[in-house]
Amino acid sequence: MLPNLFKVLALFLLADGIHARIDRRTLVRRFNPTRHGFDPNITTPMQVGNGNFAFGADITGLQTLLPFGILSSWGWKNDTLPLGKTMQDIEDYKGVSWLNHGRLVEYDFGGGGVEQWLISNPNRVNLGRVGLVFWSADGKKYDITGEDLTEAHQELDLWTGKLTSRFSFQGNTVIVETAVADATGSVGITIQSPLLQSGQLGVFLDFPWNDGTAKFSAPFVGNWNATTNHSTVLSTSRDGSASILHTLVRSAFKTTVMGSKFSISRDTPDAHRYTVRPPKKASAFSLTVNYGLSHETASAKNVFESSTNAWEGYWTESGFVDVLTGSTDSRAEELQRRVILSRYLMRVNEAGDTPPQEVSRGYHGFSDSRTNSSDSQEMYFWHSAHWALWNNWDILRRSTTIYSRFLSSSIARAKVQQGWSAGARWPKMTDPSGRSAPGQINNLLIWQQPHPLIFALYEYRAFPVKEVLEKWRDVVVETANWMSTFAWHNTTTGVYDLGPPMYVASEDTSPNATQNPALELAYWRLGLDIASTWVKELGEEIPNDWATVANNLAKLPVDNGTYAVYEGIESNFWTDPAYTNDHPTLVGLHGWLPPTPGLDITVAKATAEKVWTHWNVTNCWGWDFPMLAMSAARNGDQDKAIEWLLHPFFAFDDVGMPIGGVRVPTPYFPGSGALLLSIAMMAGGWDSSQGSAPGFPSSGWNVRAEGLSNAL
């Protein structure tokens, strides 16, 4: 840790010698998101959270009107097994076998029977719902709507992670403050209102049924009406706290409530809603709702202090970029807003102990509405690589441990299941145990394979010590072993081919026709070079297979002066919608990837420019636009890079949630992660760049960066 801290400190001191330090607090708070009034069409919440736990709130500061999610990195469950199936059937599942250059390889798809159950399980659990309850003076409980609230105003303080919501109900002001503790699933809540003194205001807790049958059921997670599918049990303690045990199939989740004096009761025997009621004549009410099996529950005051300390540390102790102060380009304000809000939301939703789901967690929004999705090792790069360049190593190290944790299962997948001679085969999607999710694309996609080598290299660049080399050694070696084993020696051409069968990163080609795709070839060569340097730094011999494959990989496919998606693709693919409607990964050859051996930069630039004119950009989403921006920046067209980052189809809503677009639901956090990666690269530079902020235009932009690391 110390070398990197010294590096960040040195960068700050260097900044001090050139110009005044960035006023981070003022710039962050400039973009505090606010909402006014209740909008029934809003599909994204205000969020507070800590990376492993997130709480989504409506205009009341809780979930009074809209059941936004409370999700976590630990909240998973399995559904009941299919009728007539046993756990042994699950363990015995085998998919189909396909020929790979004359040898059979067993994959996890096409096995039937329990395949869909394996895809859907485990699935994330929405841990519950917390909202306000209102009573009339004679004790009648109101069923309120947004129209019942007036003068509603809400502001999220990004600097402290505290959400403050204010509104009036029947002429009575209600103020709710909400925050989440830094290291637990504890939500701190304080409420002020004259309605407390008359006993007309309280809190409810509710618990939904969750299963893996729903996909993209945005924007809410869980079924609140299937009350007979699950159970809840209330218990109270002498210390004044109460707990509710929520059981779904064989998984149990504990919710603990503590704080000011209160009574709690179940609304009806058939429902899972509980009412928490403070005593009359209270001027304020505070409570903590803790989700998880931990018995540690802090006071609301301590939760707010924990949140403040964590967020202040986050904003002050890592990288920072100011594109606004001193800039005359009118677009600087919006770009800065996106950066600040993305930095906040990524720490809330994407800073956990495991890689996020592709469409992420609180609603995963966390903000994720796709409840049957697994952790995505494919999208892990776009979700999390930015942490390295912004020097948030405390966060990134939480999740990169999955490579060492899943190493043994990935070796077994490669050697035992699939019959390869060596290496670890990293899956596209996995559950918390490391099991690969079935599916043809899941099994035949390969571009996630070199990802751990990039994470390893960035950590070693930040901390160039032997301990890091040794920490990653086995992961690096086994990753490269499989990469060299997968490459097939074509005795006719004398080169090593990738595929078939395989899917390209855009997943839009025939797996049995796809051979030597451009992006994957370049990434393979980069990965093998990283691995070779790694073992050399450790004083070990570079395996002959690695060098042989790296030096004899097929050349990047070229057709009429531009790179092709894969070798042998039809020459008119540029005008064929079958190939120009998905991720434009050809621009990644010289963009998010650095120049690799054999890459012709002139051809790469011509390819990127042709993508600009021939790709169906209306069908692009998420990380496509930052990838296009990084390519433009590296190719020297900084104005185009800005255009891509602010493209109309790459949008962020009022609270900074990345809009999914026509292909995926909102929020789609790989877009936020890719935005932050591109900003760090464009503002902080890359290995061969010159000058400050090399990815930004020299006219109209005044860019200051503190504490960033160079991109490759």
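Start by selecting Phe486: at 5% relative accessibility it counts as buried (buried means under 20% relative accessible area, exposed over 50%, partly exposed in between, with a 1.4 Å probe and protein chains only). Phe486 sits in helix α14, residues 466-486 (helices are DSSP runs of H or I with at least four residues, strands are runs of E with at least two, and both are numbered from the N terminus). Now add Trp420 to the selection: 66 residues separate Phe486 and Trp420 along the chain, yet their C-alpha atoms are separated by 7.7 Å.

A quick word on what you're looking at. This is a predicted model, where local features need pLDDT of at least 70 and side-chain atom pairs count only at pLDDT 80 or more, while totals for chains, interfaces and linings use all residues. Residues are numbered from 1 along each chain as its sequence is written, and side-chain values use heavy atoms, with hydrogens and water left out.

**Zoom out: the whole chain**

Show the full cartoon and you have 20 helices and 28 strands in view. The radius of gyration is 26 Å, close to the 27 Å that the globule rule gives for 712 residues, so the chain is as compact as a globular protein of that length. That radius is taken over C-alpha atoms, and the rule is 2.2 Å times the number of residues to the power 0.38. Along its principal axes, the C-alpha trace spans about 90 × 70 × 50 Å.

Switch on the surface. The accessible surface of the chain comes to about 25900 Å², and 50% of it belongs to carbon and sulfur atoms (areas come from the Shrake-Rupley method with a 1.4 Å probe; for residues, only the protein chains shown count as cover). Of the 712 residues, 62% count as buried.

Try colouring by charge next: there are 56 positive and 70 negative side chains, and the centres of the two sets lie 5 Å apart. Lys and Arg count as positive and Asp and Glu as negative, leaving out His and the chain ends; each charge is placed at NZ of Lys, CZ of Arg, CG of Asp or CD of Glu.

**Two enclosed helices**

Select residues 332-349, helix α7. At 1.5 Å a residue, its 18 residues should span 26 Å, and the end C-alpha atoms are 25 Å apart, which agrees (the expected span is 1.5 Å times one less than the number of residues). Of those 18 residues, 16 are buried, so α7 is largely enclosed by the rest of the structure.

Move on to residues 451-462, helix α13. Its 12 residues should span 16 Å, and the end C-alpha atoms are 17 Å apart, again in agreement. Here 11 of the 12 residues are buried, so α13 too is largely enclosed by the rest of the structure. Among the buried ones to click on are His451, Phe455, Tyr458, Glu459 and Tyr460.

**A buried histidine**

Which residue does the side chain of His383 touch in a polar contact? First find His383 in helix α8, residues 380-389, where it is buried, with a relative accessible area of 0%. Its partner is Glu350: a polar contact of 3.0 Å joins the two side chains. (A polar contact is a pair of N or O atoms within 3.5 Å; within protein, one must be able to donate a hydrogen and the other to accept it, and residues adjacent in sequence count only if both atoms are side-chain atoms.)

**Backbone stops**

Select Asn121 and Pro122: the peptide bond between them is cis, with omega near -5°. Pro122 is in the loop between α4 (115-120) and β8 (123-124). Another cis peptide bond joins Gly499 and Pro500, with omega about -10°; look for Pro500 in the loop between β25 (495-497) and α15 (518-537).

Now try His101, which has a positive phi of about 50° although it is not a glycine. His101 is in the loop between β6 (97-100) and β7 (103-106) and is partly exposed, at 29% relative accessible area. Glu151 also has a positive phi, near 55°, but Glu151 lies in strand β10, residues 149-157, and counts as exposed at 65%.

**Last two picks**

Is Gly568 buried or exposed? At 73% relative accessibility, Gly568 counts as exposed, and you'll find it in the loop between β27 (562-563) and α17 (601-614). Gln515 is 53 residues from Gly568 in sequence and 7.7 Å away in space, C-alpha to C-alpha.

Finish at Ala683 in helix α20, residues 670-684. Ala683 is buried, at 7%, and its C-alpha atom is separated by 7.4 Å from that of Arg704, 21 residues apart along the chain.
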